[in-house]
Amino acid sequence: MPGPASDKKRHFILAGTAETKAFTAHQTPRQSATIPAVNRASHGTALRAQLNHVKQDAVVAANAQHELDLQSSIGLQVVFESRPEVKLAFESLQNEPNKIELLSLKEIGSQMVANVFVPDGKLAHFEAYITAYLEERRTASGRMQDHHALLETIASIRTAEVRALWTDDIELLPANHDEAFWWEVWLPVRDNRDQVLEDFQKIAAASECRVSAQPVHFPERTVVWMYGSENQLTASRHALNCIAELRRAKRTAEFFLGLPNAEQVAASNALLSRTQFDSPNRNTPYICVLDTGITRAHPLIAPLLAVGDMHTVNPGWSVDDTVNHGTGMAGL
C-alpha cells in the first residue's frame, strides 16, 4: 500500500485533559400545556364549515392538475392555523397511511401556521376527526377518542395560497406582486423525486416562469431556482400541489469566487465600508485557529487579527500561510 502523502500532518491528540465523573439524571415531571377551553359545538361546527370550503377548492384543484397532466400526486395544500398563544399539535396533522404530509411550519406573531399536503380524496380523514369531536366519541372503556388534543389547538383551516408557502423573511417578498425575481423552490420527494420535479416544471411553464436547469438534491427535498413574479405563480395556484416551501434565492459564495480579481477587491472594499469592528479593549470573544498559518494581509482579516496574536510551535517557522489553508479557515 502507498504511504501517507508527504504534505499530510498528524493530528494533535490532547491527552489527559478530561476528567470522568458519574452522571445522575435529574428528572423533572413533564407538565402538559394548558389549552384554553372552547365551546365544543361551535368550534367543531366552524372547523367543519371551513373544511367544506376547502373541499370545494380541492375539486377545482384536482381538475387543474389533471389538465396539466401532473403525475406525482393530485391533491391540495391546506393551511392549519393555531389559536393565538396556543401551540399547534402539528405532529398529529401528518398521516403516513393516507400520504398526508406536513410540508412546513412557521410562526406568525402569536400563531403557528402549518402547511399540509392532502392527496385528492383524503380530506375525509380530517372530516372524520371533526365528526368524532362533535360526537365526543369514546372507546368502550370510556377513554376519549375525539381528537380534541389536535382540534382544540386549531383556529382555522383554509386552502393555501402562494404566500402561505413562503417561509423566508416576509420583507424579502416584493410588495409589488408583478415584480419578477429569483425564487428558491423546495420540492418534496414523495414516491418519485424526478416526477415531482417534472410536475413542478409543468406548473412553472403554465405560469410562464423560468426554472433553473441544475436542481440540488437533499434527502427529503429537491431545491430549484425559478424566475417569475408572485402574480405569475398565483395564476396557477390550483396546481400548486408539489411545493413544500418558497424562499428568495440568495447569492452564494460561488458568485464572488468566480469574479475577476479586481471585482473581488471591489466587493471586499464594499463589505469593509459596511462593517463595524468592535474595540479590541472590550471583552470580546476570541477564536483560536490551529492551522498552516494565516495571510494577515487579507483586507477582511487584518482588522480582526493582531500581529501579536500570531504564533508558531517552532519559533523558526513563519506565521504566514504557506499551503493556502489556514487563511480560508480564518475567513470562515
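**Figure 1. Strand β6 pairs with β8 in the antiparallel sense, over two bridges.** This first close-up comes from a predicted model, as do the views that follow. Strand β6 covers residues 210-211, and one of its residues, Val211, stands opposite Met226 in β8. Keep an eye on Met226, as this residue returns in the view of the largest nonpolar core.

**Figure 2. A hairpin joins β7 to β8.** Here we stay with β8 and look at its pairing with strand β7, residues 216-217. Three residues make the connection between β7 and β8. The two strands run antiparallel and are joined by two bridges, with Val216 of the pairing standing opposite Val223 in β8.

**Figure 3. Strand β5 runs antiparallel to β8.** How many bridges join β5 to β8? There are eight, with β5 spanning residues 181-188. For a handy landmark, find Leu187, whose bridge partner in β8 is Thr222. Strand β8 itself spans residues 221-228, and six of its eight residues are buried, so this strand is largely enclosed by the rest of the structure.

**Figure 4. The largest nonpolar core has 29 residues.** Which of its members touch the most others? They are Trp183, Val185, Leu187, Phe200, Met226, Ile243 and Leu246. At least two residues of this core come from each of β5, α4 (193-206) and β8. Helix α4 gives the largest share, with five residues. A second core, separate from this one, has 26 residues, including Val54, Val78, Phe90 and Leu93.

**Figure 5. Ile243 and the residues it touches.** Setting aside residues up to four places away in sequence, Ile243 touches Val185, Trp186, Leu187 and Pro188, among others. Its other contacts include Phe200, along with Leu103, Leu165, Gln77 and Asn115. Two of these names, Val185 and Leu187, will be familiar from the core in the previous view, where they are listed with Ile243 among the residues that touch the most other members.

**Figure 6. Thr159 lies in strand β4.** Strand β4 takes in residues 154-159. Is Thr159 buried, exposed or partly exposed? With a relative accessible area of 21%, Thr159 counts as partly exposed, because buried would require a value under 20%. Beyond its neighbours within four places in sequence, Thr159 is in contact with Val54, Asp57, Leu76 and Gln77. Val54 also belongs to the second core, and Gln77 is also touched by Ile243. For a sense of distance, Thr159 and Lys8 are 58 Å apart in space, C-alpha to C-alpha, and 151 residues apart in sequence.

**Figure 7. Phe12, Leu14, Leu290, Val313 and Trp317 form a nonpolar patch on the surface.** Together these residues have about 700 Å² of accessible area. Leu290 sits in the loop between α7 (261-273) and α8 (326-331). This leucine has a relative accessibility of 65%, so Leu290 counts as exposed.

**Figure 8. Asp69 and Glu208 each have a positive phi.** Most residues other than glycine have a negative phi, which makes these two worth a look. Asp69, in the loop between α1 (40-67) and β1 (75-82), has a phi of about 60°. Its relative accessible area of 45% makes Asp69 partly exposed. Glu208 is found in the loop between α4 and β6, and here too phi is about 60°. At 67% relative accessibility, Glu208 is exposed.

Note on methods: Residues are numbered from 1 along each chain as its sequence is written. This is a predicted model: local features need pLDDT of at least 70, side-chain atom pairs count only at pLDDT 80 or more; totals for chains, interfaces and linings use all residues. Side-chain values use heavy atoms; hydrogens and water are left out. Buried means under 20% relative accessible area, exposed over 50%, partly exposed in between (1.4 Å probe, protein chains only). Helices (H or I, at least four residues) and strands (E, at least two) are DSSP runs, numbered from the N terminus. Two strands pair if DSSP finds at least two bridges between them. A nonpolar core is a set of buried Ala, Val, Leu, Ile, Met, Phe, Trp, Tyr and Cys residues joined through side-chain atoms within 4.5 Å. Contact means heavy atoms within 4.5 Å. Patches are made of residues with over 30% relative accessible area and no salt bridge: like charges are joined within 9 Å, nonpolar side chains (Val, Leu, Ile, Met, Phe, Trp, Tyr) within 5 Å. Accessible areas come from the Shrake-Rupley method with a 1.4 Å probe; for residues, only the protein chains shown count as cover. A salt bridge is a side-chain nitrogen of Lys or Arg within 4 Å of a carboxyl oxygen of Asp or Glu.
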